[in-house]
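Me: I have a model open and would like to understand the labels people put on it. Could you take me through the reasoning, one label at a time?

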Amino acid sequence: MQVPFFTTKHQDARYGATLRQAMNAVVESGSFILGPQVKAFEERLAAYCGVKHAIGVANGSDALFLAVQAAHLPEGSEVLTTPYTFFASAACIVRNGLTPVFVDVNPNTYHMDVSSLEKKITKKTKAILPIDLFSHTANNTALKSFADAHGLAFIEDSAEAFGMKWNGHHAGSTALAGVLSFFPTKTLGCFGDGGAILTNNDAVAQECRIARVHGAAKKYYHTLVGINSRLDELQAAVLNVKLEHVDAEIAERAAIVAKYKEGLSGLPQAVLPSVPSEASPVWYVFAPVFENRNALASALQEKGIGTSVYWPKPLHLQECFANLGHRAGDFPVSERLCEGTLALPIYVGMGDSEIAYVCESVRSFYK
C-alpha cells in the first residue's frame, strides 16, 4: 500500500470543480493583484479568527517579518523565542536587525517553557515570539501576562495554527500581531505560497498594508521602506473556496488522529502527543516521539509510507546562528525532540485502511 505523507487528491475529488471555477473567474476578470478575491478573503479570515484585521501577504515568512517590523523595536533588541521551530521564526528577528534569545520548550507540549522565561530576560529584551506547533497553541494566557508584566511586545508565530484556540481565543488573536501560513500542506492551504497577518491594532494593520506594497500608502509615494509581498488573487480565490470546507476538514483530521492514538496506544517506544485542557486542537501535524526515529522513518519509506521530520536540527545549532555562541546541550528538550519526532501521514480523505497500515507498520518495526 502507498500512503503519502500529504495529498490534495481527495479535496480535488470533492470540490475541485468549484476551485477551478473560482480560478477561471479570476482569469476572466483580469484582476490579479489585490483584487476582490483578496479583499473578500481578508474580511472572511478576520471574522473567522475573531480579529479586526487580516492582511494577506505572499507567504508566512513575510508575514512574520512584517509583524516584527511593525512592532518598531530598537535595533539590537532581544526577542525571546524557541529553537524548536521552522527557520523563519528566528530569521524574521535577525532580518529586522534584532537578536533571537532562545528559550527551551516544555517536553509535554513542545511549546515555549513559560517557567524558563524569567531567567532569559535582560534590559535588551523588547519582545516575545512564541510558536504554535502541530496541534495546539502555546500557553498564550501565561505568555501574554508575562509580556504585559515586562512591557514586551507579544508577537505570535501562529503560521501552523489556523483554527486552533487557547481558552476560546483563536491563534494570533490576542497578540500585537499573529501570522498565518497558507502553504499547501497547512490546514487551510492554497496552491502555492500565501500568508496573512492578524491584528486588532489599527496602526499595525495600516503599516502592514503599506509595507506589503513597497511601503507606498499611495502608488509611487513611499512613507516607509517596505517589501513586495501581496497575497495573490488566484490564491485568494482558492482559499475562499477552501474556507467553506475547513471546519469539516478539521473535524476529519481529529477523527484520523483518534484512530492513530487507538492504533498506537500502549506502544512503549512511542510518546503520543498530548493536548492541554485549555487548548482546542487542530491536527495540522501528528508527530509522536519515537525511539530510533531515523531507522523507523526508513522502514516506513520502504513500505510506501511517507513521513516528515519536524525538525532534524534545532535553530541554536544551525550554522547561520553560530554567532550566538550556543553548543549541543544548551537546549536539551529541543534537541531530544529533533532527534525523536516523526510526523505520520495525515490528510483530508485518509482512509481507515491507510491509518491501520501505518499503525501496523510502526508496530511491526519495533517487533
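Reply: Happy to! This is a predicted model. Of the 367 residues of the protein chain, 56% count as buried. The secondary structure comes to 11 helices and 14 strands.

Me: What makes the radius of gyration of the protein chain agree with a compact globule?

Reply: With 367 residues, a compact globule would have a radius near 21 Å, and the protein chain has 21 Å, so the value agrees with the rule. Along its principal axes, the C-alpha trace spans about 65 × 55 × 35 Å. Residues 24 or more positions apart account for 71% of the contacts with a separation of 6 or more.

Me: What do the surface and the charges of the protein chain look like?

Reply: The protein chain exposes about 15,400 Å², and carbon and sulfur atoms supply 52% of that area. As for charges, there are 31 positive and 35 negative ones, and their mean positions are 2 Å apart.

Me: Why is Phe 134 called buried?

Reply: Phe 134 has a relative accessible area of 4%. The label buried requires a value under 20%, so Phe 134 is buried. The place of Phe 134 is in the loop between strand E4 (125–128) and helix H5 (140–149). Phi of Phe 134 is near 70°, which is positive although the residue is not glycine.

Me: And why does Tyr 220 count as exposed?

Reply: Its relative accessibility is 66%. Exposed is the label for values over 50%, so Tyr 220 counts as exposed. Tyr 220 lies in the loop between strand E10 (216–218) and strand E11 (221–222). Phi of Tyr 220 is near 75°, again a positive value in a residue other than glycine.

Me: What makes a positive phi, or a cis peptide bond, worth pointing out?

Reply: Most residues other than glycine have a negative phi, and most peptide bonds are trans. Here, a cis peptide bond joins Tyr 310 and Trp 311, with omega at about -5°. Trp 311 is placed in the loop between H9 and H10.

Me: How do you know that Cys 49 is not in a disulfide?

Reply: The closest cysteine sulfur to that of Cys 49 is in Cys 190, 15 Å away. A disulfide needs two cysteine sulfur atoms within 2.5 Å, so this distance is too far for a bond. Cys 208 is in no disulfide either, as the nearest cysteine sulfur, that of Cys 92, is 12 Å away. By this rule the count comes to 0 disulfides. Cys 49 has a relative accessible area of 3% and is buried; Cys 208, at 1%, is buried too.

Me: Why is Thr 307 called partly exposed?

Reply: Thr 307 has a relative accessible area of 25%. Partly exposed covers the range between the 20% and 50% cut-offs, so Thr 307 gets that label. Thr 307 is found in the loop between H9 and H10.

Me: What makes Phe 5 a contact of Thr 307?

Reply: A contact means heavy atoms within 4.5 Å. Leaving aside neighbours within four places in sequence, Thr 307 is in contact with Phe 5, Ala 297, Leu 300, Leu 342, Ala 343 and Leu 344. Thr 307 and Pro 345 are 38 residues apart in sequence, and their C-alpha atoms are 6.1 Å apart in space.

Me: Which residues of helix H10 are buried, and what do they pack against?

Reply: In helix H10 (residues 332–340), the buried ones are Val 333, Ser 334, Glu 335, Leu 337, Cys 338 and Gly 340. The buried residues of H10 pack against strand E14 (289–290) and helix H9 (293–302).

Definitions and conventions: Residues are numbered from 1 along each chain as its sequence is written. This is a predicted model: local features need pLDDT of at least 70, side-chain atom pairs count only at pLDDT 80 or more; totals for chains, interfaces and linings use all residues. Side-chain values use heavy atoms; hydrogens and water are left out. Helices (H or I, at least four residues) and strands (E, at least two) are DSSP runs, numbered from the N terminus. The radius of gyration is taken over C-alpha atoms; the globule rule is 2.2 Å times the number of residues to the power 0.38. Buried means under 20% relative accessible area, exposed over 50%, partly exposed in between (1.4 Å probe, protein chains only). Accessible areas come from the Shrake-Rupley method with a 1.4 Å probe; for residues, only the protein chains shown count as cover. Lys and Arg count as positive and Asp and Glu as negative; His and the chain ends are not counted. The place of a charge is taken as NZ of Lys, CZ of Arg, CG of Asp or CD of Glu.
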